[in-house]
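Here is a short report on one protein model. Look over the sequence and the structure first, then read on.

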Amino acid sequence: MQSTRPEEVLLLGPGPSPVHASVLEALGWPTLGHLDPQFLAYMNETMELLRRVFETTNRLTLPISGTGSSGMEATFVNLLEPGDKIIIGVCGVFGARMVDMASRCNAQVIQVTAEWGQPLDPAGFERALAEHPDTKVVAFVHAETSTGVLQPTEAIVKAAHARGALVLVDTVTSLGGMPVQVDERGFDMVFSGTQKCLSCPPGLAPLTVNERGLEALRSRRGKVQSWYFDLTMIASYWGSERVYHHTAPVNMVYGLYQALKLIDQEGLEPRFRRHRINSQALAAGLGQYGIGLVPPAEHSLPSLVVVHIPQGVADGAVRERLRKTHLIEIGGGLGPFKGRVWRIGLMGEGSRRANVERLLDALGETLNTLGYSCSVDQAMAAAAGVYAAAGCPGDCR
């Protein structure tokens, strides 16, 4: 059995992301009882910090115990009852996962689809809503982790609300790395995860619900099918009543609290700018290797750069050498993109100029070693040009 500390790997895949030393330290703070007054104070501050990063005033804003997928499951089982209609946008793995979860709730699922690598067409939602005016929920992924596509939201939300439907949004790969703007955009229920742009280890799923969403919970015909994810019970624990529901992961809450403090200190706008510029610099450098973006540039995620693997380059050999020789992890493709794309995360603490340059250098060396000729100097110069134009002579933050 391993008894030594694992070596550190630079996490530049689709998640988890690098974690700041102060967050790791917070995970080791003294474990308290889940109703200890000191811990309750951390709970309160964590909820307030989450409201700031979600950009919402929603009273029900808290972290669900479990990874991002638990946030997805919690929202679906609370909103949906057997026979309810839900329209789901599918253009990648996580939209398809929404379909699976809704089906397990015995809901009637209507899909609006798009080709992998392309955003959803709001007109498709409008047509589906016209055909199914009694739809209860419209759901989509804001930042599709499998394709790197950033989904436009305004027209979809407008169409849903015009028909009286609730809007449910997956922000797992966007929260903390780009604007989510829950209140301004009119999202009714939103979930996320800690391990991506929040740069906290996996284990919690931030979630927020507005008054329309709360009314839907209050007007359910029957009990929520999941005892553990029943938001009315969880809210009683996280709210002023402090009614025991389950033993909260105390140390994980410490870690999230500290990660959110770092975001608050940096400020949302500087943080979003940092993610945007670093992803643009990486894309410019990769372009010198003949490696292009999968999504259209205007729909490419600032937190996750998804690119085509060059013809004749072996996906596994490149990622294996990056991991073994350079201690860098990037992600491969999923589903129909398997073996065809790389998913390169620049999330939270990972979104740094030093990491962009380290990856460009390591990838250039790897490609050249494996017989694909490219110029590291040209790639570095292209990335430097983006930083210079953005006024970032040093680390972009």
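Is R323 buried, partly exposed or exposed? R323 is partly exposed, with a relative accessible area of 32%. The model behind this value is predicted.

## Overall fold

The protein contains 14 helices and 14 strands. Its C-alpha atoms fill a box of roughly 65 × 55 × 45 Å along the principal axes. The radius of gyration is 21 Å, which agrees with the value near 21 Å that a compact globule of 397 residues would have.

Buried residues make up 59% of the 397. Take the contacts between residues at least 6 apart in sequence: 73% of them join residues at least 24 apart.

## Surface and charge

About 16,000 Å² of the protein is exposed. Carbon and sulfur atoms supply 51% of that area.

The protein carries 35 positive and 39 negative charges. The mean positions of the two sets are 2 Å apart.

## Salt bridges at helix α12

Side chains of opposite charge can pair when their charged atoms come close. The structure holds 19 salt bridges. Several involve residues of helix α12, and they are taken in turn below.

E7 pairs with R323, and their closest N and O atoms are 3.7 Å apart. This salt bridge links distant parts of the chain. E7 sits in the segment before β1 (10-11), while R323 belongs to helix α12 (residues 315-326). The two are 316 residues apart. E7 is exposed, at 52% relative accessible area, because the cut-off for exposed is over 50%. R323, at 32%, is partly exposed.

D315 and R319 form a salt bridge inside the helix. Their closest N and O atoms are 2.8 Å apart. Both residues lie in α12, four residues apart, which is about one turn of the helix. D315 counts as buried at 12% relative accessibility, since buried means under 20%. R319 is partly exposed, with 28%.

R321 and E365 meet in a salt bridge with an N to O distance of 2.7 Å. Here R321 in helix α12 is linked to E365 in helix α13 (residues 353-369). The partners are 44 residues apart and lie in distant parts of the chain. Both ends are partly exposed: R321 has 24% relative accessibility, and E365 has a relative accessible area of 26%.

## A salt-bridge network

Which residues are linked with R51 in a network of salt bridges? They are E48, R52 and D264.

## Backbone exceptions

Most residues other than glycine have a negative phi, and most peptide bonds are trans. The residues below depart from that pattern.

G15 and P16 are joined by a cis peptide bond, with omega at about 5 degrees. P16 lies in the loop between β1 and α1 (21-27).

R242 is not a glycine, yet its phi is positive, at about 55 degrees. R242 is found in the loop between α9 (231-238) and α10 (250-266). At 17% relative accessibility, R242 counts as buried.

L327 also has a positive phi of about 55 degrees without being a glycine. L327 is in the loop between α12 and β12 (328-329). With a relative accessible area of 24%, L327 is partly exposed.

Methods
Residues are numbered from 1 along each chain as its sequence is written. This is a predicted model: local features need pLDDT of at least 70, side-chain atom pairs count only at pLDDT 80 or more; totals for chains, interfaces and linings use all residues. Side-chain values use heavy atoms; hydrogens and water are left out. The radius of gyration is taken over C-alpha atoms; the globule rule is 2.2 Å times the number of residues to the power 0.38. Buried means under 20% relative accessible area, exposed over 50%, partly exposed in between (1.4 Å probe, protein chains only). Contact means heavy atoms within 4.5 Å. Accessible areas come from the Shrake-Rupley method with a 1.4 Å probe; for residues, only the protein chains shown count as cover. Lys and Arg count as positive and Asp and Glu as negative; His and the chain ends are not counted. The place of a charge is taken as NZ of Lys, CZ of Arg, CG of Asp or CD of Glu. A salt bridge is a side-chain nitrogen of Lys or Arg within 4 Å of a carboxyl oxygen of Asp or Glu.
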